[in-house]
Amino acid sequence: MTEIRSSDVLVDDLFRTTVRLRTYVDAQLRCHGLSVSRLRLLRALATSREPLRMRDLGDALGVAARTVTSLVDALEREGLVARLRHPTDRRAYLLTLTDLGRTTHGRAEEIDRAALSTATAGLDARQRATLLDLLAVLRASVPDAPPGPPGPPGPEET
């Protein structure tokens, strides 16, 4: 299959590198029944000071409400996430980790740390610092995307 390229070799390489890193970390997590998407959701709940609404969780993860709903449904079935009634909004639920969810999150973070350590082992301290500086310059050069057209919130966004 022919690789689709952008108009900038640097951007192509950044995308290929990102995809390769995610694929590698995802494979390490999958050996334990986890994934990068699941880890990100567990991490967001674990680091939040309070239970989160699905909409807030989606915003924190930068994903669509449907995606959050699918992930939460699966994690709830596995006993990792619990839905609690919102104290003031009868339509909304709050999400929190269960004890098993906290344990699973801790294990997933260990796997993630080890995988990323392996992936970046070829960089010395100076190279890491240079790469971080260059990525910061690149990020600062990209303007924020304009907000999308407003639409009615779906029931999974509450």
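In what pattern do the elements of the chain follow one another, read along the sequence?

**Figure 1. Overview of the chain in this predicted model.** Read along the sequence, the answer is α-α-β-α-α-β-β-α-α, a series made up of 6 helices and 3 strands. The C-alpha trace spans about 50 × 40 × 35 Å along its principal axes, and 27% of the 158 residues count as buried. Among the contacts in the chain with a separation of 6 or more, 53% are accounted for by residues 24 or more positions apart. The chain exposes about 11200 Å², of which 57% is supplied by carbon and sulfur atoms.

**Figure 2. Close-up of the largest pocket and the helices that line it.** The volume of this pocket is about 880 Å³, and its lining consists of 26 residues, with Thr17, Thr18, Leu21, Leu131 and Leu135 lying nearest the centre. At least two lining residues are supplied by each of helix H1 (9-30), helix H2 (36-47), helix H5 (99-119) and helix H6 (125-141), and H1 gives the largest share, with 9 residues. Sorted by class, the lining of the largest pocket holds 16 nonpolar, 7 charged and 3 polar residues.

**Figure 3. Close-up of the largest nonpolar core.** This core has 16 residues, among which Leu41, Leu45, Leu57, Val72, Val81 and Leu95 touch the most other members. Two or more residues of this core come from each of H2, helix H3 (54-61), helix H4 (65-77) and strand S3 (93-97). In soluble globular proteins, nonpolar side chains tend to be buried together.

**Figure 4. Close-up of the surroundings of Leu41, with a second core for reference.** When residues up to four places away in sequence are not counted, Leu41 touches Leu57, Leu61 and Leu71, together with Val72, Leu75 and Val81. A second core, which is separate and has 8 residues, includes Leu29, Val36, Leu39 and Ala115.

**Figure 5. Close-up of Arg38, a residue of helix H2.** Is Arg38 buried or exposed? Arg38 counts as buried because its relative accessibility is 14%, and the cut-off for a buried residue is under 20%. Leaving aside residues up to four places away in sequence, Arg38 touches Gly33, Leu71, Ala74, Leu75 and Glu78. Leu71 and Leu75, which appear in this list, are also touched by Leu41.

Technical notes
Residues numbered from 1 in each chain as written. Predicted model: local features only at pLDDT ≥ 70, side-chain atom pairs only at ≥ 80, totals over all residues. Heavy atoms only, no water. 1 Å grid on protein atoms, 1.4 Å probe; cavity = no way out; pocket = protein on both sides within 12 Å on 5 of 7 lines; lining within 4 Å. Points joined across faces, edges and corners; volume = space filled by probe spheres on them. Helix = DSSP H or I, 4+ residues; strand = E, 2+ residues; numbered from the N terminus. Nonpolar A, V, L, I, M, F, W, Y, C, P; charged D, E, K, R; others polar. Core = buried A, V, L, I, M, F, W, Y, C linked by side-chain atoms within 4.5 Å. Buried < 20%, exposed > 50% of the residue type's maximum accessible area, 1.4 Å probe, protein only. Contact = heavy atoms within 4.5 Å. Areas by Shrake-Rupley, 256 points an atom, 1.4 Å probe, with all protein chains shown as cover.
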